Amino acid sequence: MEYRIASISGDGIGPEIVEEAKKVLNKVGELYGHRFHYEEVLMGGISIDTYGVPLTDEALETARSCDAVLLGAVGGNVGNSRWYDVAPNLRPEAGLLAIRKGLNLFANIRPAYLYEGPSDACPLKKEIIGDGFDMVIVRELTGGLYFGERHTEEVNGIRQAVDTLVYSETEIRRVAVKAFQIAQKRRKKVTSVDKANVLDSSRLWRSVVEEVAKEYPEVTLEHMLVDNCAMQLVMNPGQFDVILTENMFGDILSDEASMITGSIGMLSSASLNEGKFGLYEPSHGSAPDIAGKGIANPVATILSAAMMLRFSFDLDREADAVEAAVRQTLADGFRTADIMADGMQPVGTEEMGDRICERLTDSLK
Ligand code: IPM
Ligand code: MG
């Protein structure tokens, strides 16, 4: 089959890690008889430098016309005045929010599991890690606080800022359905995270999630307050299967979940619309401090490409092969700096990509 992929390298380490993900995709193509065509799309700081805005309408349309989007990362140091001394809607991150909204990518799927090899990078105590953990965070991505009306004003000489948090039942229902569908294929448990002891939007969230749960009787639903969830993630991560939550809580909890895996450099993500279309990006940011040094960990982006194969192209066998190749590469001891441990073989970004490609090839021998 042939597929058209919008490729958004973005800023910082973005170009380096996207390069490795494409290398792996091309290897998959070679081994399994597919062709991937890439449309280069500018977004973030690089788009600001070129067009003065973080995402042009044309870029959005190009992305929409493709079968899926592969993204590195956007943004830079807040000290970069060219990108940050401007209105918030012109900063690099605004491009990311705009593409998510513009393509209706309301369900953000962020898996967090502990790899056997790099579990030594996990900051939790052995007793807590137990048999490890394997969870998926389903984060609502196009509503809530990040998309509500906001402004800063001065009232009687005092500055005040307003952000609004709105959720309709339609927005809650559609992301809840995704979470239950995913849970059905896993260990059949959804933990819906909210702040229903304080927020109206959370109380609505809870009641809509309960309605959806009735349609999935084989899936167990539990509710958890977000502050408790933050604590449970470091106390007993093994209890979670699918965590379903709203935009801001999901933003925060997914960083926390990624860190207990040892490195945010390992965590992939998919942002999906109602159908098969999705945007695939690592959960981490653009890491401007290490950009261009060839030391960034490309694994999260490569695993995001595997999610693309699975969710957008229905190429499960190929996705399994990429995931297995990543596992094997780690098991063979290859480590980028962020997950380096005693006795392991240090590699840079490019070599990590090469090693994964080698193991992909070997898996078909
Ligand atoms: C993420 C990032 C973004 C978000 C930022 C860069 C706007 O933190 O993907 O988690 O909050 O969604
Ligand atoms: Mg985040």
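Which residues does the UniProt annotation "binding site" (unreviewed entry) cover together with Asp251? In the unreviewed UniProt entry, one such annotation takes in Asp227, Asp251 and Asp255. These three span 29 residues in sequence, yet no two of their C-alpha atoms are more than 14.4 Å apart, so they gather at one spot. Of the three, Asp251 and Asp255 belong to the lining of the second largest pocket. The structure discussed here is a predicted model, and the annotation comes from the record.

The pocket leads to the ligand, since ligand 1 sits in the second largest pocket. Around ligand 1 are Glu93, Arg100, Arg110, Arg139, Tyr146 and Asp251. By residue class, this shell holds five charged residues, one nonpolar residue and no polar ones. Asp251, already met in the annotation, is thus also part of the shell. Its place in the fold is helix α10, which runs over residues 247–259.

Some members of the shell can be followed down to single atom pairs. The side chain of Asp251 has an N or O atom 2.9 Å from an oxygen atom of ligand 1. For Arg139, an N or O atom of the side chain is 2.8 Å from an oxygen atom of the ligand. Arg110 places a polar side-chain atom 2.9 Å from a ligand oxygen atom. The protein as a whole covers 75% of the 320 Å² of accessible area that ligand 1 has on its own. Arg110 is located in strand β4, residues 107–113, whereas Asp251 is in helix α10.

A further "binding site" feature in the unreviewed UniProt entry is placed at Arg100, Arg110, Arg139 and Asp227. How far apart are these residues in space, computed between C-alpha atoms? They are spread over 128 residues of sequence and are also spread in space, with up to 26.6 Å between C-alpha atoms. Of this group, Arg100, Arg110 and Arg139 are included in the lining of the second largest pocket. Arg100, Arg110 and Arg139 are also among the residues that surround ligand 1.

Asp227 appears in both annotations, being listed with the three arginines and with Asp251 and Asp255.

Definitions and conventions:
Residues numbered from 1 in each chain as written. Chains lettered and ligands numbered in written order. Predicted model: local features only at pLDDT ≥ 70, side-chain atom pairs only at ≥ 80, totals over all residues. Heavy atoms only, no water. Near = heavy atom within 4 Å. Polar contact = N/O pair within 3.5 Å; in protein donor to acceptor, adjacent residues only side chain to side chain. Areas by Shrake-Rupley, 256 points an atom, 1.4 Å probe, with all protein chains shown as cover. 1 Å grid on protein atoms, 1.4 Å probe; cavity = no way out; pocket = protein on both sides within 12 Å on 5 of 7 lines; lining within 4 Å. Sits in = over half its atoms within 2 Å of the grid points. Nonpolar A, V, L, I, M, F, W, Y, C, P; charged D, E, K, R; others polar. UniProt positions renumbered as here; feature names shortened; annotations may be inferred. Helix = DSSP H or I, 4+ residues; strand = E, 2+ residues; numbered from the N terminus.
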